[in-house]
Amino acid sequence: MRVVIALGGNALLRRGQPMTADNQRANIRVAAERIAAITTGNEIVIAHGNGPQVGLLALQAAAYHDLADGVAPYPLDMLGAQTEAMIGYVIEQELGNLLPADQPLATLLTMIEVDRDDPAFDHPTKPIGPVYDRETAERLKAAGGWTIAADGDTFRRVVASPKPKRIFEIRPIRSLVEQGTIVICAGGGGIPTMYDEHGDLRGVEAVIDKDLASALLAEQLDADLLVIATDVDGVYTGWGTPDQARLGGVTPEDLAGLDLPAGSMGPKVQAACQFALHTGNEAVIGSLTDITRIVEGTAGTRVRADPVASSLNNA
């Protein structure tokens, strides 16, 4: 079975943790242990988030700009490329330490085309970087011209998150997968690019949602299963209330009326529905700790465009 796994940001850095290399490696090691358990008999492609990492690099770039007059901060597309390589390197290394020595792994920098007229550029929603209290967030907003948004009881910087249109490296990704390589690609939603008025391909100051990019990746790879791994065991109705209930097998129509946060569960559900509708195959939203059961079909919120599979009962 060909499985695309979209690793949530919690797989790399837990909320509130300092963004150190050691913390990220320790979290990736745990994720690698889970993924290693499902590699036998399956073709594996891994995508991942990069919100905290690209935000930290942006802060570092801004600090260097303040110290070196006239040196412009690196744009988000270049910072995205840096995080793809950095995170892919650690995932490769930690998986490689667990799998047979002859198992090939590869990380591909992945450019993804977006529409320069995408309305997302006028309405930033994608959280990046660390969390702040209100006072600090307001100060950084004033100093850097940021857009900020609430993230629970804290605040984060948000940037434009245009929809992915095309994966430029899809052919080499497919070729590697067909040869048995575990591929890490489309990290952080891929490197956002678009054609300018002269027809030249350019980077974009944005961050593509990694779940939507993963759904497009899974669709174009003819994946049998899309796993959107997060820190909860599925999609809930009435989340945070005494009546909260986890959804089991559902259709995209079942999920259409749910009111879900735009910066977290909303894109995950949108991505799962997109993959299910476009392919007829199953997408699952669930906890990385349950990934073996997810692949077996017994855990997570399972989305399939098939009325027979629909049930809004607790799973």
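Strands here are DSSP runs of E with at least two residues, numbered from the N terminus. Keep that in mind for the exercises below, and remember that you're working with a predicted model.

**Exercise 1. Find the strand that holds R246, then decide whether R246 is buried or exposed and what its side chain reaches.**

Step 1: Start with the strand. R246 sits in β14, which covers residues 245-246. A run of two residues is enough to count as a strand.

Step 2: Now the accessibility. The cut-off for buried is under 20% relative accessible area. R246 comes out at 14%, so it is buried.

Step 3: Look for a partner. The side chain of R246 gets to the backbone oxygen of G300, at 3.2 Å. A polar contact needs N or O atoms within 3.5 Å.

**Exercise 2. Work out the strand order of the eight-strand open sheet and say which strands stand at the edges.**

Step 1: Write down the order. It goes β3-β9-β2-β1-β12-β16-β17-β15, and the pairing is mixed.

Step 2: Pick out the edges. These are β3 and β15 (249-250); each has a single partner strand, so one side of each has no neighbour in the sheet.

Step 3: Check the β3 end. Strand β3 (residues 105-108) pairs with β9 in the parallel sense, over four bridges. A106 has V183 as its bridge partner in β9.

Step 4: Go to the other neighbour of β9. Strand β2 (residues 43-48) also pairs with β9 in the parallel sense, this time over two bridges. V183 turns up here too, as the bridge partner of V45.

Step 5: Try an antiparallel pair. Strand β16 (residues 282-287) and strand β17 (residues 301-303) are joined by three bridges in the antiparallel sense. In that pair, V284 is opposite R302 in β17.

**Exercise 3. Sort the residues of strand β9 by the way they point, and count the disulfides in the structure.**

Step 1: Split strand β9 (residues 182-185) into its two faces. I182 and I184 point one way, while V183 and C185 point the other way.

Step 2: Check burial on both faces. All of these residues are buried. For C185 the relative accessible area is 1%, so C185 falls under the 20% cut-off.

Step 3: Bring in another cysteine. C273 is at 10%, so this residue counts as buried as well.

Step 4: Count the disulfides. The structure has zero of them. For a disulfide, two cysteine sulfur atoms would have to be within 2.5 Å.

**Exercise 4. Give the order of the four-strand open sheet and describe how β4 pairs with β8.**

Step 1: Lay the strands out. They run β8-β4-β10-β11, with mixed pairing.

Step 2: Find the edges. β8 (166-167) and β11 (201-203) each have a single partner strand, so each is left with one side lacking a neighbour in the sheet.

Step 3: Zoom in on β4 and β8. Strand β4 (residues 111-113) is joined to β8 by two bridges, and the strands run antiparallel. I112 stands opposite I167 in β8.

**Exercise 5. Count the cavities of 30 Å³ or more and compare what lines them.**

Step 1: Get the count. There are two cavities of 30 Å³ or more.

Step 2: Take the largest cavity. It encloses about 50 Å³ of space. Its lining includes N50, L76, E84, P192 and I208. Helix α3 (residues 76-96) contributes the most, with three residues. Sorted by class, this lining has six nonpolar, five polar and one charged residues.

Step 3: Move to the second largest cavity, with about 40 Å³ of space. G55, L59, I128, G129, P130, Y132, W146 and R157 make up its lining. Two or more of these residues come from each of α2 (51-67) and β5 (126-132). The most come from β5, with four. By class, the lining divides into five nonpolar, two polar and one charged.

**Exercise 6. Place T237 in its strand, classify its accessibility and find how far its C-alpha atom is from that of V250.**

Step 1: T237 belongs to strand β13 (residues 236-237).

Step 2: T237 has 26% relative accessibility, so T237 is partly exposed.

Step 3: Along the chain, T237 and V250 are 13 residues apart, and their C-alpha atoms are separated by 12 Å.

How values were computed. Residues are numbered from 1 along each chain as its sequence is written. This is a predicted model: local features need pLDDT of at least 70, side-chain atom pairs count only at pLDDT 80 or more; totals for chains, interfaces and linings use all residues. Side-chain values use heavy atoms; hydrogens and water are left out. On a 1 Å grid over the protein atoms alone, a cavity is a set of points where a 1.4 Å probe fits but cannot get out, and a pocket is an open set with protein on both sides within 12 Å along at least five of seven lines; lining residues have an atom within 4 Å of a point. Grid points are joined across faces, edges and corners, and a volume is the space filled by probe spheres set on the points. Ala, Val, Leu, Ile, Met, Phe, Trp, Tyr, Cys and Pro count as nonpolar, Asp, Glu, Lys and Arg as charged, and the others, Gly among them, as polar. Buried means under 20% relative accessible area, exposed over 50%, partly exposed in between (1.4 Å probe, protein chains only). A polar contact is a pair of N or O atoms within 3.5 Å; within protein, one must be able to donate a hydrogen and the other to accept it, and residues adjacent in sequence count only if both atoms are side-chain atoms. Two strands pair if DSSP finds at least two bridges between them.
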